Structure formats: structure tokens, C-alpha cells
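Me: I would like a close look at a single part of this model. Please keep the sentences short and walk me through it in order.

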Amino acid sequence: MLNTLAYFNVEMMALVVVAIVILFGGKKIPELMRGAGQGLGEFKRGLEEGKQQLMQAVNTTDTKPVEEAKPVAEKTTLTNS
């Protein structure tokens with residue numbers, strides 16, 4: 001992917017910006033950027049909320065000590081009778 005980004009230069013970026021302005025118009029671009037910014041902000045808030053819920057769930061779990069395993073039956077040896 002890094003090799004692909006190496007081909008982008010200033011002229012190509014300017015061409016992309018001109019194409020976007022032609023396609024969407026100068027008035028529509030601020031609205032699109034505003035919507036993208038709001039979406040990104042909501043995404044970050046959701047990530048932070050999920051992180052807080054996860055940390056709260058980890059901190060509030062009951063941590064009971066594990067009981068020592070008890071043998072079910074004594075060892076028996078087989079003998080030929």
C-alpha cells in the first residue's frame with residue numbers, strides 16, 4: 001500500500017480536488033465535510049463508550065477463588081485373581 005501512496009503527488013491531489021469540486025459543487029462540499037466530521041465524532045464517542053462499558057464489566061465481575069480440585073475416587077490397581 002505504501003508503494004501506491006508514493007505515486008500521489010501534488011498535481012494528482014490537485015486534480016482530485018478539482019474533480020470533487022466539479023462533481024459536488026462548491027456549496028455542497030462544506031456540508032459533506034460537516035457530515036463526515038459529525039460521523040467521525042459519533043464513531044469516536046461510541047468507541048469510548050464501549051471501552052468504558054468493557055472496563056466497567058471487567059472491574060465489577062465477581063472474582064471468587066477457585067476451589068482446590070478434589071479427587072473423585074481413590075486410585076485402584078487391577079490385580080489378576
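What is the mean pLDDT of the chain, and what share of its residues reach 70 or more? After that, take me to the nonpolar patch on the surface. Which residues form it, and which elements do they come from?

Reply: Confidence comes first, as this is a predicted model. The mean pLDDT of the chain is 80. A value of 70 or more is reached by 68% of the residues. Helix α1, residues 2-6, has the lowest confidence in the chain, at a mean of 60. Helix α3 has the highest, at 90. Where pLDDT is low, the predicted coordinates should not be read in detail.

Next, the overall layout. The chain has three helices and zero strands. From the N terminus on, the order is α-α-α. The chain has 81 residues, and 0% of them count as buried. Its accessible surface comes to about 8,500 Å². Carbon and sulfur atoms account for 63% of that surface.

Now the patch. Seen on the surface, it is nonpolar and is formed by M12, V16, I20, L23, F24, L32 and M33. Together these residues have about 650 Å² of accessible area. Two elements each give two or more residues to the patch: α2 (10-24) and α3 (28-60). Helix α2 gives the most, with five residues.

Helix α2 can be checked for length. It has 15 residues, so at 1.5 Å a residue it should span 21 Å. Its end C-alpha atoms are 21 Å apart, which agrees with that expectation. An α-helix has 3.6 residues a turn, so residues three or four places apart point the same way.

F24 is one of the patch residues. Its place is in helix α2. F24 has 46% relative accessibility. Exposed would need over 50% and buried would need under 20%, so F24 counts as partly exposed. Just after α2 comes G25, with a positive phi of about 85°.

On the α3 side, L32 and M33 are among the patch residues. The same helix also holds K28 and E31. These two form a salt bridge, with the closest N and O atoms 3.5 Å apart. Side chains of opposite charge can pair when their charged atoms come close. K28 and E31 lie three residues apart, about one turn of the helix. Both ends of the pair are partly exposed: K28 has a relative accessible area of 40%, and E31 has 44%. A search of the whole structure finds one salt bridge.

Notes:
Residues are numbered from 1 along each chain as its sequence is written. Side-chain values use heavy atoms; hydrogens and water are left out. Patches are made of residues with over 30% relative accessible area and no salt bridge: like charges are joined within 9 Å, nonpolar side chains (Val, Leu, Ile, Met, Phe, Trp, Tyr) within 5 Å. Accessible areas come from the Shrake-Rupley method with a 1.4 Å probe; for residues, only the protein chains shown count as cover. A salt bridge is a side-chain nitrogen of Lys or Arg within 4 Å of a carboxyl oxygen of Asp or Glu. Helices (H or I, at least four residues) and strands (E, at least two) are DSSP runs, numbered from the N terminus. Buried means under 20% relative accessible area, exposed over 50%, partly exposed in between (1.4 Å probe, protein chains only). pLDDT is the predictor's confidence in each residue, from 0 to 100. The expected span of a helix is 1.5 Å times one less than its number of residues.
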